[in-house]
Amino acid sequence: MENTAEKKQKILSCIQPSGIPTLGNYLGALKNWASMADGYDSAFAVADLHSITVRQEPAKLRKQTLEMYALLLSIGLNPEESIIFVQSHVTTHAQLAWILNCYTQFGEMSRMTQFKDKSQTHADNVNVGLFSYPVLMAADILLYQADYVPIGADQKQHLEIARDIANRFNGIYGNVFTIPEPYIGKQGARVMSLQEPTKKMSKSDANVNGFISMLDDKDTIVRKFKKAVTDSEAKVRYAEGKDGVNNLMTIYSCCTGKTLEEIEKEFDGKGYGDFKMAVAQSVIDVLEPVQNKFNDYMKNTDYLKDCAKKGAEMAQRISQRTLDKAMKKVGFMQL
Ligand code: AQP
């Protein structure tokens, strides 16, 4: 995907502050945000409105939101070049989401696999927000007229719904929204749990050994990889049925740039012990510089809040134009 047009194309993506992001969030999404930010008009949000679809502790949510903001700067996003904001600071998201709810069918939302999964994990709180989460996500994207949305593979279905809603709205009212394309990296788009490698790695997993947090220290990273589920073959090769090893090879490949064939050769005749240590070290090498920057940013929370304030003002200004247009089109009285 090249961005050769004179006018830069737009990208927008969000991450929930539902915990410290995992290695999965990093390899599947954040890493691409950082590498794409320069070439595009870019906006990135800490999606706190999304995270209350699952019950959160208020003080913890506030803390995690600031930490997530700091992490976005730590991975290399520059608040002078990208709009980096907290979703609840910008009023247009919830407003457009309401309008779009009225252009979304109950049946199409019922097919969303994340809703089905999360209603099982949080059976005591299957709220309407959890159900209409993809509509809010559609509003997030469409407000900024995003051409591309860098996401992990798990969000592909939600992006498709955003496109369907936008097409439907445009079909009725003319060209209000840009139809967004997903940008899913070739590698790392679906990093799996270290404990249940058929399930994606998630920051809210109750089993902390299933995920690597971006702020895990070296010892914790080594310990978690040592415990990672593999198989009894004791051979490092990428093959069907070897979900645990495939996942570790993918992580190692993303962190070192080595191909799967090179990795197979490197560990030919060696056991899983050596392999797991090498994977752990490659992850440490990637995360350590980010962690150092994060620790520096967290010493200056006034700076972070100032950036978030400026980011929110810019996001409000840009998104308001789209919201105003949509409000006019549906027939709301203008003053
Ligand atoms: N395991 C993963 N592998 C690759 N990409 C992933 N993403 C999430 N998990 C993986 C991508 O990270 C971006 C931000 O995700 P999110 O926080 O907005 O929501 P999520 O997909 O629900 O992520 P989590 O970690 O699983 O959060 P919780 O546990 O709160 O539900 C998205 O682009 C996502 O695709």
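Me: In this model, is Asp205 buried or exposed?

Reply: Since this is a predicted model, the answer is a computed one. The relative accessible area of Asp205 is 15%. Buried means under 20%, so Asp205 counts as buried.

Me: Which residue meets the side chain of Asp205 in a salt bridge?

Reply: A salt bridge needs a side-chain nitrogen of Lys or Arg within 4 Å of a carboxyl oxygen of Asp or Glu. Asp205 has such a partner at 3.6 Å, N to O. That partner counts as partly exposed, at 34% relative accessibility. The residue that pairs with Asp205 is Lys199.

Me: How many salt bridges does the count come to?

Reply: Side chains of opposite charge can pair when their charged atoms come close. Lys258 and Glu266 give one example, at 3.0 Å from N to O. With the 4 Å cut-off, the count comes to 17.

Me: Are Lys258 and Glu266 buried, exposed or partly exposed?

Reply: Lys258 has a relative accessible area of 27%, and Glu266 has 28% relative accessibility. Buried means under 20% and exposed means over 50%. Both values lie in between, so Lys258 and Glu266 count as partly exposed.

Me: Which residues do salt bridges that share partners join into one network?

Reply: A good place to start is the salt bridge between the side chains of Arg237 and Glu233, at 3.1 Å from N to O. Arg237 is partly exposed at 32%, and Glu233 is partly exposed at 37%. For comparison, Lys258, in another salt bridge, has a relative accessible area of 27%. Shared partners join into one network Asp231, Glu233, Arg237 and Lys242.

Me: Let's turn to the ligand. Which residues are the closest to it?

Reply: The ligand is surrounded by 22 residues. These divide into seven nonpolar, 10 polar and five charged. The closest are Lys118, Asp154, Ser202, Lys203 and Ser204.

Me: How much of the accessible area of the ligand does the protein cover?

Reply: Several N or O atoms of the protein come up to the ligand. A backbone N or O atom of Gly152 is 2.8 Å from a ligand oxygen, and a side-chain N or O atom of Lys200 is also 2.8 Å from an oxygen atom of the ligand. Met201 brings a backbone N or O atom to 2.9 Å from a ligand nitrogen. Of the 640 Å² of accessible area that the ligand has on its own, the protein covers 97%.

Me: Which element gives the most residues to the shell around the ligand?

Reply: Met201, for its part, has a backbone N or O atom 2.9 Å from a ligand nitrogen. Two elements give two or more residues to the shell: strand S1 (10-15) and helix H1 (23-36). With four residues, the element that gives the most is H1.

Me: How many disulfides does a search of the whole structure find?

Reply: A disulfide is a covalent bond between the sulfur atoms of two cysteines. Take Cys14, which is partly exposed at 26% relative accessibility. The closest cysteine sulfur to its own is in Cys307, 18 Å away, which is too far for a bond. Across the whole structure, the number found is zero.

Me: Which backbone oxygen does the side chain of Thr53 reach?

Reply: Thr53 sits in the loop between helix H2 (48-51) and helix H3 (58-74). At 8% relative accessibility, Thr53 counts as buried. Its side chain comes to 2.6 Å from the backbone oxygen of His50.

Me: What distance separates the C-alpha atoms of Gln105 and Ile165?

Reply: Gln105 belongs to the loop between helix H4 (92-101) and helix H5 (106-110). Gln105 is partly exposed, at 47% relative accessibility. Along the chain, Gln105 and Ile165 are 60 residues apart. In space, their C-alpha atoms are separated by 9.3 Å.

Me: What is the phi of Gln145?

Reply: Gln145 is in the loop between helix H7 (128-143) and strand S4 (148-150). Gln145 is buried, with a relative accessible area of 17%. Although Gln145 is not a glycine, its phi is positive, at about 55°.

Me: Where does Ala234 lie?

Reply: Ala234 is not a glycine either, yet has a positive phi of about 55°. With a relative accessible area of 44%, Ala234 is partly exposed. Its place is the loop between helix H9 (218-226) and helix H10 (243-256).

Note on methods:
Residues numbered from 1 in each chain as written. Predicted model: local features only at pLDDT ≥ 70, side-chain atom pairs only at ≥ 80, totals over all residues. Heavy atoms only, no water. Disulfide = S-S within 2.5 Å. Buried < 20%, exposed > 50% of the residue type's maximum accessible area, 1.4 Å probe, protein only. Near = heavy atom within 4 Å. Polar contact = N/O pair within 3.5 Å; in protein donor to acceptor, adjacent residues only side chain to side chain. Areas by Shrake-Rupley, 256 points an atom, 1.4 Å probe, with all protein chains shown as cover. Nonpolar A, V, L, I, M, F, W, Y, C, P; charged D, E, K, R; others polar.
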